[in-house]
Amino acid sequence: MLQLLTPSGDVLGEPPLSVDLTRRLYRAMVYVRTFDRKCAALQKQGRLATYAPFEGQEAAQVGSAAPLDPEDWMVASYRDAAAMWMQGYPWELLIAWRTGDERGGRPPEHVSVLPPSITVGGHMLHAVGLAWSARHFGEERIAITYFGDGATSEGDFHEAMNLAAVYGLGVVFFCQNNQYAISMPRTAQTRSETIAEKAIAYGMPGVQVDGNDLFAVFTATAEAIDRARAGDGPTLIEAVTYRLGPHTTSDDPSRYREESEVEQWRRRDPLERVRIFLSERDAWTPEWQERLETEASTEIERAVELAEGMDGLGPARIFEAMFDELPPHLVDQRAEALRSVGQ
Amino acid sequence: MAVLTLAQALNQGLEQALAEHPEVVILGEDVGRTGGVFRITDGLQRRFGPERVVDTPVAESGIVGMAFGMAVGGMRPVVEIQFMGFSYPAFDQIVNHVARIRNRSRHRFTAPMVIRMPYGGGIGAAEHHSESTETIYVHTPGLKVVVPSRPADAKGLLASAVEDPDPVIFLEPIRLYRAVRETVPEDPHTVPIGEASIEREGTDVTLVSYGAMMKETRQAAEVLAERGVSAEVVDLRTLVPLDTDRLLASVEKTGRVVVVHEAPRTLGFGAEVAALVAERALYSLQAPPKRVTGWDTVVPLKKSEQYYLPSVGRIVAAAEETLTA
């Protein structure tokens with residue numbers, strides 16, 4: 001398992017990132033943690049439909065998205081708001097989607113991130129096709145797809161890995177092995193020793209990294225992205241991490257795991273080791289930390305306001321994005337829907 | 001203008017789509033080197049190369065899911081599923097992604113793609129090779145469903161499907177691939193999606209069908225004519241969006257309707273036709289609507305298939321029942 005920054009903040013070898021870049025990514029991790037905690041709190045107040053927290057996985061998401069070019073495709077899952085934000089998806093849309101507003105699924109024109117897939121595994125294939133379209137049109141873009149350890153048991157994981165390898169497409173398969181698929185532990189999910197080793201069967205490189213290590217994640221993903229962009233095909237990355245919170249806000253993890261295990265992983269916090277690293281290089285101060293947290297809170301509060309200010313689609317607009325042009329039967333049904341609410 | 005079979009017309013349509021649109025690719029199992037199990041893509045890989053006519057591993061979900069990504073990325077994939085009964089592994093991709101991405105992203109991302117599926121029985125094939133489960137796709141919001149029965153329509157509807165901004169399930173009647181011939185315009189032409197065709201005008205009873213069963217439906221109209229019954233024949237051609245206006249106008253004119261399909265009866269397309277007629281044209285009816293359909297059974301294998309597929313006799317009998325009601 002590739003590790004470059006230990007939980008106690010020691011760098012193994014030369015630091016792969018400059019202090020400046022490390023500071024920027026640390027800032028991003030503080031922002032996404034603020035977002036995550038805010039969303040969990042909003043859900044408890046009944047302001048979000050449901051929420052799948054990613055606390056503990058910040059380095060995996062921030063570190064893997066950081067080396068992407070802005071036009072690279074990203075196809076992620078419902079737990080990957082941090083990676084999506086890194087790739088340009090605005091906070092307010094990430095929140096709007098979670099409040100139950102479809103418009104949260106429409107990123108701005110310049111953002112090449114698909115709205116998240118809720119079903120597990122199917123979306124990996126979409127990244128394969130997007131990488132194909134990039135090649136077809138002679139674009140430099142690659143595609144990255146995010147999924148969890150549970151998704152590797154889905155048939156579509158196999159089909160996506162196989163097709164990407166067969167056609168030599170520029171895809172990065174980024175697995176956040178957070179140890180649990182709801183209640184099913186990683187060890188019960190597959191008899192493979194690692195998820196990374198599954199890559200061997202498809203004839204592509206597979207790398208296991210410490211997913212709580214920003215440096216390792218960044219380095220491995222940057223290499224995979226370079227390979228994809230150079231036309232040398234796909235890579236599977238297994239980022240070994242841990243979901244500190246529940247699967248979603250409706251889950252009770254105490255039914256399937258011990259608090260002592262969670263504690264153990266808290267000690268491998270992905271932010272803390274970067275903080276120590278920066279602190280030892282006089283690039284972190286408590287004042288800066290405080291400022292970051294305040295700025296993050298303000299920015300996310302503003303996004304919450306924007307998202308909550310959206311008024312829902314309403315009876316007419318639920319029809320409007322089914323087809324390019326509304327067919328006659330939907331015109332009729334829309335009229336009926338409007339009549340039913342007295343409009 | 002050449003006289004072509006339905007298979008030849010589709011081949012010509014696909015060839016023209018590849019020639020006209022650089023973003024079109026054909027994907028499927030054995031579509032390249034062998035030209036597909038029904039030879040619909042015969043010769044296309046030779047002309048356009050393996051990057052445009054792509055042989056795929058045996059992975060229906062993978063093919064459709066990958067094609068979905070291609071479509072979102074700006075291409076126009078035309079997928080061939082070897083037989084409709086093999087589309088079920090791709091069901092999740094079709095229903096959860098292909099049909100929904102426009103809505104999920106509020107028009108930002110779309111999946112303009114064609115999924116071709118040879119469908120229907122009557123060729124004495126093995127299990128899973130005779131399916132006619134169009135209802136599944138008709139029932140899925142976000143898909144268009146097209147079922148041609150004639151060579152010229154097949155070519156024209158295919159061209160429309162390729163150019164359509166939304167995903168189209170394109171059902172091809174296996175047993176008519178080489179059983180019908182007609183003059184087909186040489187040049188690219190389109191037949192609009194969503195328009196039924198009144199194939200034969202009549203006054204006594206409306207026979208409604210689509211795809212493979214059009215053959216028996218046409219023959220039934222001939223038999224009825226010999227018996228002095230004037231049947232109007234409606235080829236729906238598109239199931240979604242349905243040409244409700246033409247359908248209802250015909251039923252209002254004749255006052256009687258028989259709907260014919262080989263799909264199982266319960267919640268088959270005939271149920272929708274009967275419901276529409278009941279809701280909107282009940283007072284024009286002189287007899288209850290009749291459904292002539294496959295049974296709610298698995299399609300029998302070769303030796304017993306004849307007891308499953310609607311016959312000309314069953315259609316004629318149903319039409320005559322509406323006349324004596």
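The exercises below, each with a worked solution, concern a predicted model with chains A and B.

**Exercise 1. The contact between the chains**

Find how many residues each chain brings to the contact, how much area is buried, and which three residues of chain B supply the largest share.

Solution.
- Step 1. Count the residues: chain B brings 46 and chain A brings 44.
- Step 2. Take the area. About 3500 Å² is buried between chain B and chain A, and carbon and sulfur atoms give 63% of that area.
- Step 3. Rank the contributors on the chain B side. M66(B), R106(B) and R108(B) supply 22% of the area that chain B buries against chain A, more than any other three residues.

**Exercise 2. Salt bridges across the contact**

State how many salt bridges are counted between chain B and chain A, then place the pairs formed by R108(B) and R280(B).

Solution.
- Step 1. The count between the two chains is 4, while a search of the whole structure gives 39 over all chains.
- Step 2. R108(B) pairs with E109(A), with the closest N and O atoms 3.6 Å apart. R108(B) sits in the loop between helix 5 (101–104) and strand 5 of chain B, and E109(A) sits in the loop between helix 4 and helix 5 (124–136) of chain A, so this pair joins two chains.
- Step 3. Check the cover of each partner. R108(B) counts as buried because its relative accessibility is 14%, under the 20% cut-off. E109(A) is exposed at 54%.
- Step 4. R280(B) pairs with D332(A), and here the closest N and O atoms are 3.6 Å apart. R280(B) belongs to helix 10 (residues 269–280) of chain B and D332(A) to helix 14 (residues 328–340) of chain A, so this pair also joins two chains.
- Step 5. R280(B) is partly exposed, with a relative accessible area of 44%, and D332(A) is partly exposed at 38%.
- Step 6. R106(B), one of the three contributors in Exercise 1, forms a salt bridge with E320(A) at 3.9 Å between the closest N and O atoms.

**Exercise 3. Salt bridges in chain A**

Describe where R24(A) and D20(A) lie, and name the residues linked with D101(A) in a network of salt bridges.

Solution.
- Step 1. The side chains of R24(A) and D20(A) meet in a salt bridge of 3.8 Å, N to O.
- Step 2. Both residues are in helix 1 (residues 19–44) of chain A, 4 residues apart, about one turn of the helix.
- Step 3. R24(A) is exposed because its relative accessible area is 51%, over the 50% cut-off. D20(A), at 48%, counts as partly exposed.
- Step 4. The network links D101(A) with R103(A), D311(A) and R317(A).

**Exercise 4. An arginine without a salt bridge**

Determine how far R98(A) is from the nearest side chain of opposite charge, and list the residues it contacts beyond four places in sequence.

Solution.
- Step 1. R98(A) is in helix 4 (residues 91–99) of chain A.
- Step 2. R98(A) is buried and has no salt bridge; the nearest side chain of opposite charge is D36(A), 7.5 Å away. A salt bridge needs the atoms to be within 4 Å.
- Step 3. Leaving aside neighbours within four places, R98(A) contacts L48(A), A49(A), T50(A), Y51(A), Y78(A) and A81(A).

**Exercise 5. Backbone features in loops**

Identify where the residues Q179(A), H128(B) and P241(B) lie, and give the backbone feature of each.

Solution.
- Step 1. Q179(A) is not a glycine, yet has a positive phi of about 80°. Its loop runs between strand 3 (171–177) and strand 4 (180–181) of chain A, and at 16% relative accessibility Q179(A) counts as buried.
- Step 2. H128(B), also not a glycine, has a positive phi of about 75°. The loop holding H128(B) is between strand 5 (114–119) and helix 6 (134–138) of chain B. H128(B) counts as partly exposed at 43%.
- Step 3. The peptide bond from V240(B) to P241(B) is cis, with omega near -5°. P241(B) is in the loop between strand 12 (238–240) and helix 9 (244–254) of chain B.

**Exercise 6. A nonpolar patch**

Name the residues that make the nonpolar surface patch of about 220 Å², and locate Y88(B).

Solution.
- Step 1. The patch is made by Y88(B), F91(B) and I136(B).
- Step 2. Y88(B) is in the loop between strand 4 (76–80) and helix 4 (91–98) of chain B.
- Step 3. Y88(B) counts as partly exposed, at 33% relative accessibility.

Conventions
Residues numbered from 1 in each chain as written. Chains lettered and ligands numbered in written order. Predicted model: local features only at pLDDT ≥ 70, side-chain atom pairs only at ≥ 80, totals over all residues. Heavy atoms only, no water. Buried < 20%, exposed > 50% of the residue type's maximum accessible area, 1.4 Å probe, protein only. Lys, Arg positive; Asp, Glu negative; His and termini not counted. Contact = heavy atoms within 4.5 Å. Patch = residues over 30% accessible without salt bridge, like charges linked within 9 Å, V, L, I, M, F, W, Y side chains within 5 Å. Areas by Shrake-Rupley, 256 points an atom, 1.4 Å probe, with all protein chains shown as cover. Buried area = accessible area lost by both parts, 1.4 Å probe.
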